[in-house]
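Work through the exercises below with the model open. Try each task before reading its solution.

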Amino acid sequence: GGPWEESARDAVVLPLVHTRTNEAFGVILLGVSPRLVYDNDYNEYCKQIAELTAISISSALIVRRKLNLEAREHEAQEQLQTALASGSIGVWSWDIQSNLVISDRHLARIFGIRPLKAQSGLPMEEFTNAIHPDDRLRVIKSMKASIKKVDAYEDEYRIVTSDGTTRWVLARGKIAVDKNDKPARFPLVIVDITERKTVEADLVR
């Protein structure tokens, strides 16, 4: 397996907080790979995964309310497992100096890249080429601005899949610096929010 498929030596438990009510409705258990150092940067990275997971579940609940179905907590947990299994949540780590991005297989599939290649590391351009032409320049500028300011990053944009389908994603990350306080890594979490965007578009019609 790739670097994201190793057995964990430890685990981090983080709450899942509803995006509107700000109430915790569950937890997520994240394994810590033996290759990773559990520091403040990784802790922040785990928090980002938990937040985006909560967004994914909240979006699923909006869809269920629109269909007039009662959304229960165990159903939300099932939707989370489905989202993870289907690859709608993915992560990457971009080494800024070498311009190499290592991603898990879920993110690779969202961007239409072969998982084994993505786990070995590819130039950033391999990923940005999958962004919708109308969004690409804006997204690249936004990422560069976050690197320059050493600031948190968040954006929503469209991805064009290999079969020509357009999907919406939410991307969130935070720049990690080296010992000289220079931007070194750009860990990122991406969640497919196509269903949420579809519901929002239906509601304004």
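**Exercise 1. Find the partner of Arg138 in a salt bridge and place both residues.**

Step 1. Apply the criterion: a side-chain nitrogen of Lys or Arg within 4 Å of a carboxyl oxygen of Asp or Glu. Arg138 pairs with Asp135; their closest N and O atoms are 3.9 Å apart.

Step 2. Locate the pair. Both residues sit in helix H6 (residues 133-149), three residues apart, about one turn of the helix. Helices (H or I, at least four residues) and strands (E, at least two) are DSSP runs, numbered from the N terminus.

Step 3. Check accessibility. Buried means under 20% relative accessible area, exposed over 50%, and partly exposed in between (1.4 Å probe, protein chains only). Asp135 is buried at 6%, while Arg138 is partly exposed at 38%.

Two notes on the input apply throughout. The model is predicted: local features need pLDDT of at least 70, side-chain atom pairs count only at pLDDT 80 or more, and totals for chains, interfaces and linings use all residues. Residues are numbered from 1 along each chain as its sequence is written, and side-chain values use heavy atoms, with hydrogens and water left out.

**Exercise 2. Which parts of the chain does the salt bridge of Arg167 link?**

Step 1. Identify the partner. Arg167 bridges to Asp192, with the closest N and O atoms 2.6 Å apart.

Step 2. Map the pair. Arg167 belongs to strand S7 (residues 166-174) and Asp192 to strand S9 (residues 183-192); the two are 25 residues apart, so distant parts of the chain are linked.

Step 3. Assign burial. Arg167 is partly exposed, at 31%; Asp192 is buried, at 17%.

Step 4. Look for shared partners. Asp135, Arg138, Asp155 and Arg158 are joined into one network by salt bridges that share partners. The whole structure holds seven salt bridges.

**Exercise 3. Is strand S3 enclosed or open, and which strands pair with S3?**

Step 1. Count buried residues. In S3 (residues 89-95), six of the seven residues are buried, so the strand is largely enclosed by the rest of the structure.

Step 2. Find the neighbours. Strands pair if DSSP finds at least two bridges between them. S3 runs antiparallel to S9, with seven bridges. S3 also runs antiparallel to S4 (residues 100-103), with four bridges.

Step 3. Follow Ser93. Pro187 stands opposite Ser93 in S9, and Ile102 is the bridge partner of Ser93 in S4.

Step 4. Inspect the turn. S3 and S4 form a hairpin with four residues between them. Asn99, in that turn, has a positive phi of about 60°.

**Exercise 4. Which residues have the most contacts inside the largest nonpolar core?**

Step 1. Define the set: buried Ala, Val, Leu, Ile, Met, Phe, Trp, Tyr and Cys residues joined through side-chain atoms within 4.5 Å.

Step 2. Read off the core. The largest has 27 residues, and Trp92, Phe111, Phe127, Tyr157, Phe186 and Ile190 have the most contacts inside it. Elements giving two or more residues to this core include S3, H6, S7 and S9.

Step 3. Separate the other core. Another core, of nine residues, lies apart from the largest; Ile89, Leu170, Val191 and Ile193 are among its members.

Step 4. Trace Tyr157. A contact means heavy atoms within 4.5 Å. Leaving out residues up to four places away in sequence, Tyr157 touches Asp135, Arg138 and Arg167, among others.
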